[in-house]
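Here's a quick walk through one chain, from its overall layout down to a few backbone oddities. Have the viewer open while you read.

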Amino acid sequence: MKTLIISSSLSPNSRSFILCQTMEKELTNKGVNVDLVKLSDYEINPYHRPRTADMDTLAQKITESDNIIIGMGIYNYSISDALKIILDNCFGGSTGKFYGLLTAAGGDKSFLATMNLTQICMNQYRMIQLPRIIYATGSDFVGDDISNEDLLERLASFANEFYDIGTKLL
Ligand SMILES: Cc1cc2nc3c(=O)[nH]c(=O)nc-3n(C[C@H](O)[C@H](O)[C@H](O)COP(=O)(O)O)c2cc1C
């Protein structure tokens, strides 16, 4: 199974990136071929601005993956500008694919903000979402480490379920 993890935050201190790294380890331990993309390493432009070579690279990775995990921060009760740009411009090859969400937020009241992403993935790209979303807040971390045991258990459950369903859909 070839899983692409897209860490969409551009923050140098991204907490959703830490979730993505943890998921990379979990799935690699199961023998999954994982490619972790850090979007902050990519040059991206919005629609109506010049398309970059990095955007083509990302689009190709999406096309070549069996399934996708998206790491995202919550920004103003929605997805980030960078994530919207790649959804608009690079996700053509994602149609029909299985995917999952790893989310970092500042507080515990924005958990429904992931529905914006679900709407785009399901309605535009007919993707199939894992019915378990990881939602973490600032209090789950100490520095670059996840300090909440419950979150680590939820990440392990996410990895098990993503692996089980992902392999069945191959
Ligand atoms: C402009 C801005 C808007 C934000 N909006 C929300 C929000 O609506 N709800 C929330 O819980 N946290 C919000 N946050 C906090 C981020 O979700 C939090 O910092 C999270 O760690 C971001 O993910 P990242 O660290 O992977 O970039 C916001 C942060 C910024 C800078």
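## Overall layout

The chain has 5 helices and 8 strands. Keep in mind that this is a predicted model. Reading from the N terminus, the elements go β-α-β-α-β-α-β-α-β-β-β-β-α.

How does the radius of gyration stack up against a compact globule? For 170 residues, a compact globule would come out near 15 Å, and the chain has 15 Å, so the two agree. Along the principal axes, the C-alpha atoms fill a box of roughly 45 × 35 × 25 Å. Of the 170 residues, 36% count as buried. As for contacts between residues at least 6 apart in sequence, 79% of them join residues at least 24 apart.

## Helix H1 and the core

Helix H1 covers residues 15–29. At 1.5 Å a residue, its 15 residues should span 21 Å, and the end C-alpha atoms sit 22 Å apart, which agrees. The buried residues of H1 are Arg15, Ser16, Phe17, Ile18, Leu19, Cys20, Thr22, Met23, Glu26 and Leu27. Just after H1, Gly31 takes a positive phi of about 90°.

In soluble globular proteins, nonpolar side chains tend to be buried together. Here, the largest nonpolar core has 41 residues. Those with the most contacts inside this core are Ile5, Leu19, Met23, Ile69 and Ile70. Leu19 is worth clicking on: leaving out residues up to four places away in sequence, Leu19 touches Gly71, Leu102, Ala104, Ile134 and Ala136.

## Around the ligand

Which residues are closest to the ligand? Of the 16 that surround the ligand, the closest are Ser9, Ser16, Gly73, Ala105 and Gly106. H1 and strand S4 (98–105) each supply at least two residues of this shell, and the largest share, 3 residues, comes from H1. By type, the shell divides into 6 nonpolar, 9 polar and 1 charged.

## Two backbone oddities

Now for positive phi values outside glycine. His48 has one, at about 75°, and its place is in the loop between strand S2 (33–38) and helix H2 (53–64). Is His48 buried or exposed? With 5 other C-beta atoms within 10 Å, His48 is exposed, since 12 or fewer is the cut-off for that label.

Arg126 also has a positive phi, near 50°, and is a residue other than glycine. Look for Arg126 in the loop between helix H4 (115–124) and strand S5 (128–129). Arg126 has 11 other C-beta atoms within 10 Å, so Arg126 counts as exposed.

Technical notes:
Residues numbered from 1 in each chain as written. Predicted model: local features only at pLDDT ≥ 70, side-chain atom pairs only at ≥ 80, totals over all residues. Helix = DSSP H or I, 4+ residues; strand = E, 2+ residues; numbered from the N terminus. Expected span 1.5 Å × (residues − 1). Buried ≥ 20, exposed ≤ 12 C-beta atoms within 10 Å, placed from the backbone. Near = placed C-beta within 6 Å. Nonpolar A, V, L, I, M, F, W, Y, C, P; charged D, E, K, R; others polar. Core = buried A, V, L, I, M, F, W, Y, C linked by C-beta atoms within 7 Å. Contact = placed C-beta atoms within 7 Å. Rg over C-alpha atoms; globule rule 2.2 N^0.38 Å.
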